[in-house]
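Biologist: I'm new to this one, so could you walk me through it piece by piece? Let's have the picture up first.

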Amino acid sequence: MLSKTLSKILLFVSIAYAIPSPKTRRDDSILPFSTEGRDIVDSNGNVFQYKATNWPGHQEIMIPEGLQHASVADIVSWIPKFGLNSVRLTFAIEMVDDIYSNSPNQTLEKSVINALGQENGTIVLQQILDNNPEFTKETTRLEVFDAVAKELANQGVIVHLDNHVSKAFWCCGENDGNGWFGEKYFDVENWIRGWSFIAKHAKENWPTFASAGLRNELRNAASAEPVDWYTWYVHMTAAADAVHEAAPDALLFFSGLSYDTYIDPIPLGKTLNGTAGTSTANKSAKFVPSNFPWNDKIVLEIHKYDFEATQDPCPTFKSKWYKQGFQAVNASDPQTEYTFPMVITEWGFIQNGTYWNQTTYNRCLIEMVEDYQVGWMQWELSGSFYLQTRLGRTPATIQGLEEFWGLLNYNWNDVRSPVTVENSLDKLIQALD
Ligand SMILES: *[C@@H]1O[C@H](CO)[C@@H](O)[C@H](O)[C@H]1NC(C)=O
Ligand SMILES: *[C@@H]1O[C@H](CO)[C@@H](O)[C@H](O)[C@H]1NC(C)=O
Ligand SMILES: *[C@@H]1O[C@H](CO)[C@@H](O)[C@H](O)[C@H]1NC(C)=O
Ligand SMILES: *[C@@H]1O[C@H](CO)[C@@H](O)[C@H](O)[C@H]1NC(C)=O
Ligand SMILES: *[C@@H]1O[C@H](CO)[C@@H](O)[C@H](O)[C@H]1NC(C)=O
Ligand SMILES: *[C@@H]1O[C@H](CO)[C@@H](O)[C@H](O)[C@H]1NC(C)=O
Ligand SMILES: CC(=O)N[C@H]1CO[C@H](CO)[C@@H](O)[C@@H]1O
């Protein structure tokens, strides 16, 4: 294993020699990715591990967070500085719906003012433009995403595009309208249309676009289609077909149920059942990878937080979590019917300098990654948000809310908690070295 100082020197040397051309550097030499058993492999046949953070772009304004504090290039530069190779960029289907309806609300000016109001919106818009003089108030949300994706490619960062929500606001709550197929805001046709559009657009315009997270954190909903694995199967495979047709090179990430906390029925090859007494009664399906034209693009994703403030010893922590889907990466488990790569697409906790050592979560997460050699994506880069809508709480919206879980500070210009990063992010990077 390289020492930290040595790897920093090497990183510096490679940056110094890899001077980007004035044009977008197509840093896609390792793309496309595909899968081989439990591994993601790059175009040279080497195993690729996602080491990423989340950068949300799915909230009310529908552009990546932070641009009122810093330029696109400065924000992107943090990703390699943290030692990460990729980013999970989130978007809302509402952004694409607005493209289809040719809505006048897509400009930066309208997006910001509709979300923040005339007075504060005018101020924040000006801050965004001051930090990012390549934009004007007429720049559209999609053009902002394009600029972000182009800069990510310039700086050698792989893009994992995640559909976080349909309606653009903070995710996720039970019965918030975004959680399950057919719920208030979760129109399945618009979702699939949205993916067809954005996957094609990303393939054509975003040089390091590598993978698609079909839907974030599916969860129970009182008023929606039946919440069962059969319904999951029908819609998730249809979305996968749509993305694959639009962008055949992209990996397809499948999330599980209950806020993506388990997905074991897929590697275990279980029958995916409907629900008695509903429209899916007596229906069933099986997720057989060889049935799909995207057989070598399937990746399973799982989320893990520490809401229970675990003090489990790591063997307990790991064996409980293993059963939620890590059978996918263990071909020697007799219960495993199909192997797939797994990626922990969300984990995280408050970056306050002590939490990392207050429960066993952080230590056991690192052991999990060491033991199973799976990629991961920290939640999240943002030090603060343009706006957060909080359903059922007062106040219902907060402008400029600080994100204490963010790797960056409120102003997006420094690391929030270096000691936390040294003891979590850095250790997870080492776990995959
Ligand atoms: C544009 O946004 C305004 C304010 O939110 C809304 O009232 C209007 O309906 C939107 N227009 C379209 C075409 O979506
Ligand atoms: C507008 O911004 C000010 C200063 O940041 C803040 O105190 C106020 O709550 C904001 N207005 C709204 C409607 O959120
Ligand atoms: C579906 O039902 C069958 C038969 O009852 C059962 O064996 C299987 O475990 C169920 N599948 C899931 C994912 O629970
Ligand atoms: C499901 O199967 C049961 C038992 O075979 C049958 O009684 C019931 O009518 C079926 N329900 C539907 C919706 O087909
Ligand atoms: C993989 O499965 C085998 C068989 O069940 C088990 O003995 C082994 O401990 C598992 N490996 C890991 C890393 O969990
Ligand atoms: C960090 O957050 C945890 C959980 O909220 C809390 O128990 C702890 O006291 C905090 N540490 C500091 C230094 O504020
Ligand atoms: C929960 C946890 O990881 N606790 C650790 C905190 O740090 C001390 C000293 O480094 C360790 O001994 C604990 O195991």
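Biologist: Let's start with Ser258: why does this residue count as partly exposed?

Modeller: The label depends on relative accessible area: under 20% is buried, over 50% is exposed, and partly exposed is what lies in between (1.4 Å probe, protein chains only). Ser258 counts as partly exposed because its relative accessible area is 38%.

Biologist: Before we go on, what kind of model am I looking at?

Modeller: Residues are numbered from 1 along each chain as its sequence is written, while chains are lettered from A and ligands numbered from 1 in the order in which they are written. Side-chain values use heavy atoms, without hydrogens or water; local features need pLDDT of at least 70 and side-chain atom pairs pLDDT 80 or more, whereas totals for chains, interfaces and linings use all residues, since this is a predicted model.

Biologist: Back to that loop, then. Which residue other than Ser258 has a positive phi without being a glycine?

Modeller: Ser258 has its phi near 55° and sits in the loop between β7 (251-255) and β8 (271-273); strands here are DSSP runs (E, at least two residues), as helices are (H or I, at least four), numbered from the N terminus. The loop between β7 and β8 also holds a residue whose phi is about 65°, namely Tyr259.

Biologist: And what relative accessibility makes Tyr259 partly exposed?

Modeller: Tyr259 is in the loop between β7 and β8. Tyr259 counts as partly exposed because its relative accessibility is 23%.

Biologist: I hear there are cis peptide bonds. Which residue does Trp379 join through one?

Modeller: One cis bond joins Cys171 and Cys172, with omega about 10°, and Cys172 lies in the loop between β5 (158-165) and α7. Another has omega about 5°, and its second residue lies in the loop between β12 (375-378) and β13 (387-389). The partner of Trp379 is Glu380.

Biologist: What does UniProt list for residues 82-382?

Modeller: UniProt positions use the numbering seen here, feature names are shortened, and annotations may be inferred rather than shown by experiment. In the model, this span is 34% helix and 16% strand, with its end C-alpha atoms 14 Å apart. The unreviewed UniProt entry lists it as "domain: Glycoside hydrolase family".

Biologist: On to charges: how far apart in the chain are Glu346 and Arg88?

Modeller: Their side chains meet in a salt bridge at 2.8 Å, N to O; the term needs a side-chain nitrogen of Lys or Arg within 4 Å of a carboxyl oxygen of Asp or Glu. Glu346 is in strand β11 (residues 342-347) and Arg88 in strand β4 (residues 86-92), so to speak distant parts of the chain, with a separation of 258 residues.

Biologist: Which residues make up the salt-bridge network?

Modeller: The structure holds 14 salt bridges. Glu346 and Arg88, both buried, belong to a linked network. Its members are Arg88, Asp162, Glu301 and Glu346.

Biologist: Which helix holds both Lys200 and Glu204?

Modeller: Lys200 and Glu204 form a salt bridge, with the closest N and O atoms 3.3 Å apart. Lys200 counts as partly exposed because its relative accessibility is 43%, and Glu204 because its relative accessible area is 48%. They are four residues apart, about one turn of helix α7.

Biologist: Now the ligands. How much of ligand 6 does the protein cover?

Modeller: Around ligand 6 (a heavy atom within 4 Å) are Ile350, Asn352, Thr354, Tyr355 and Gln358. Among the polar contacts, which are N or O pairs within 3.5 Å, an oxygen of the ligand lies 2.3 Å from an N or O atom in the Asn352 side chain. Of the 360 Å² of accessible area that ligand 6 has alone (Shrake-Rupley, 1.4 Å probe), the protein covers 43%.

Biologist: And which residues surround ligand 1?

Modeller: An oxygen of ligand 1 is 2.3 Å from a polar side-chain atom of Asn105, and an oxygen of ligand 1 is 3.2 Å from an N or O atom in the side chain of Asn114. The protein buries 33% of the 360 Å² that ligand 1 exposes taken alone. The surrounding residues are Ser103, Pro104, Asn105 and Asn114.

Terms used. A polar contact is a pair of N or O atoms within 3.5 Å; within protein, one must be able to donate a hydrogen and the other to accept it, and residues adjacent in sequence count only if both atoms are side-chain atoms.
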